[in-house]
Amino acid sequence: MPRTQSQLCIHICLDEKSYTILKQKAAFKDLSMNAYLKDLSLNVVMSTYEIAVHNLTEMNIRLDTLTFKASGYYHLVISRDRDHPEVGLDDGESMIKLFKELSAYLDKCYRKLVDIRESDIARERELISQAISKAPRSSYRKTDIEVSVPKPSDVLLTVTQEEKDRIILNIDSSQNSSRDVSGYFRNLILSSRYIKLTRKTDDLNLMAERLYSALRYAKPFITMMYFQGYECADQGRELEKLYKKVQQYEKEIWKIVENDRRSLFEEYDLKIHERTRSKAERRKTRKEKSLCQ
C-alpha cells in the first residue's frame, strides 16, 4: 500500500545479527519485519538497571570537607606576593596536616572497601538478578528459516505521527538520553529480556574531582618548598610523600570499583543477550595493588 502524507519513516540501522534475529522473531509470530518491529516498539519499554556496586556517597561527602581548604592555603600564599610567592613554615604545616588527614581517611575507605567487597558484590548480584527476572521476556524465534541479509541491513519503519511520538516517548522512558534510536531498536531485537544494563560512573568522577581540588594546589606548594631552604625542603619531601600516597589510594579505589562494576555488567549483559563474549569485547581487568600492609 503506498505511503500517505500522514505516514512517516523511522530509519533504523541494523547489523547482520540483529537483522537475522528480527527476521526469525517476526517469522515465529507470522508477521512481517515491519509489523513485528512496530508492535514491539509501541508496546515495550526497555527498562534500565544501573550497576552501582560499592556506595561512594559517604566518602565523597567527607572528601568535600577534607579537600576544600587546599585552595585557601595556596591562595593565601599567592595573595602575599604574586610575583615571588613563598611558602612559610606555618603554611607548609597546614598543607601537610590536610594531606595527613586525607591520606588517613582514604586508607580507612580503602580497607573498608576491601573488607566488604565480596558481600557488596553478592548483594549487587541479587539486585541485578531480581531486576532481570522482573523484565518481560522476548519472543521466541524461528531458527529453521534461511535469512538473506542485505547490505546495508537497514529497516524503514513506517509509522503515523502519533505512533512515532509514542515510540520516542518509550525510548526516552528507557533513559536512553543519547536518543540513539537504532541502538535502542537493536537492543530490543537482541535482548532475551527487555532490560538494559548500565554502569554507575558519576560517583567515581566526583571522587576524582574532589581529590583533584586538593592535589592541584599541593603540587605547586611542593615545588616552591624545594627552593626555599633546608627546613622548607624537608616539609616539601614530607608533603610529596603524602601527595603520592593520596594518588595511590585514589587509583586503587577507582580500580576496585571499576573492575567490579564492569565484570558484573559483562557477566549479566551476556546473559540478557544470550551470547558469548567476542575477543574484541574482552577487556583486561585493571591490575590492583594490595595497599593493606
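This passage describes selected helices, buried residues, salt bridges and cysteines in a predicted model.

Helix α1 covers residues 16-28 and contains 13 residues. The distance from its first C-alpha to its last is 19 Å, close to the 18 Å expected at 1.5 Å a residue. Several of its residues are buried, among them Tyr-19, Ile-21, Leu-22 and Ala-26. The list of buried residues in α1 also includes Ser-18, Thr-20, Gln-24 and Lys-25. The partners against which the buried residues of α1 pack are helix α2 (33-43), strand β3 (154-160) and helix α8 (181-190). Just after α1, the backbone at Asp-30 adopts a positive phi of about 60°.

Helix α4 was examined in the same manner. This helix runs over residues 69-80, and its 12 residues should span 16 Å at 1.5 Å a residue. The C-alpha atoms at its ends are 17 Å apart, which agrees with that expectation. The buried residues of α4 are Ala-70, Tyr-74, Val-77 and Ile-78. These residues lie on the same side of α4, because they cover an arc of only 100° around the axis. An α-helix has 3.6 residues a turn, so residues three or four places apart point the same way. The buried residues of α4 pack against helices α3, α5 and α9, the last of which comprises residues 202-226.

Helix α3 spans residues 57-67 and includes Thr-67. The relative accessible area of Thr-67 is 2%, so this residue counts as buried. Two polar pairings of its side chain were found. In one, a polar atom of the Thr-67 side chain lies 3.4 Å from the backbone oxygen of Arg-210. In the other, the side chains of Thr-67 and Ser-213 are joined by a polar contact of 3.3 Å. When neighbours within four places in sequence are left aside, the residues in contact with Thr-67 are Leu-102, Arg-210, Ser-213 and Ala-214. Ile-61 is also located in helix α3. Its relative accessible area is 56%, so Ile-61 is classed as exposed, whereas Thr-67 is buried. The C-alpha atom of Ile-61 is separated by 25 Å from that of Leu-127, a residue 66 places away along the chain.

Charged side chains were considered next. Side chains of opposite charge can pair when their charged atoms come close. The whole structure contains 13 salt bridges. One of them links Asp-107 with Arg-111, and their closest N and O atoms are 3.1 Å apart. Both residues belong to helix α5 (residues 89-115), where they are four residues apart, or about one turn of the helix. Asp-107 has a relative accessible area of 18% and is therefore buried, while Arg-111, at 30% relative accessibility, is partly exposed.

A salt bridge between two helices is formed by the side chains of Glu-267 and Arg-125, with an N to O distance of 2.8 Å. Glu-267 is in helix α10 (residues 230-272) and Arg-125 is in helix α6 (residues 117-134), so the pair ties together parts that are 142 residues apart in sequence. Glu-267 is partly exposed at 24% relative accessibility. Arg-125 is likewise partly exposed, its relative accessible area being 31%.

Within helix α10, a further salt bridge joins Lys-244 and Glu-240, whose closest N and O atoms are 4.0 Å apart. The two residues are separated by about one helical turn, because they are four residues apart in α10. Glu-240 is partly exposed, with 22% relative accessible area. Elsewhere, salt bridges that share partners connect Arg-125, Glu-267 and Lys-271 into one network.

The cysteines were also inspected. A disulfide is a covalent bond between the sulfur atoms of two cysteines. The structure holds zero disulfides. For Cys-13, the closest cysteine sulfur is that of Cys-9, and the two atoms are not bonded because 13 Å is too far for a bond. Cys-13 is partly exposed, at 32% relative accessibility. Another cysteine, Cys-109, has a relative accessible area of 15% and is therefore buried.

Note on methods: Residues numbered from 1 in each chain as written. Predicted model: local features only at pLDDT ≥ 70, side-chain atom pairs only at ≥ 80, totals over all residues. Heavy atoms only, no water. Buried < 20%, exposed > 50% of the residue type's maximum accessible area, 1.4 Å probe, protein only. Polar contact = N/O pair within 3.5 Å; in protein donor to acceptor, adjacent residues only side chain to side chain. Contact = heavy atoms within 4.5 Å. Disulfide = S-S within 2.5 Å. Expected span 1.5 Å × (residues − 1). Arc of directions from axis to C-beta.
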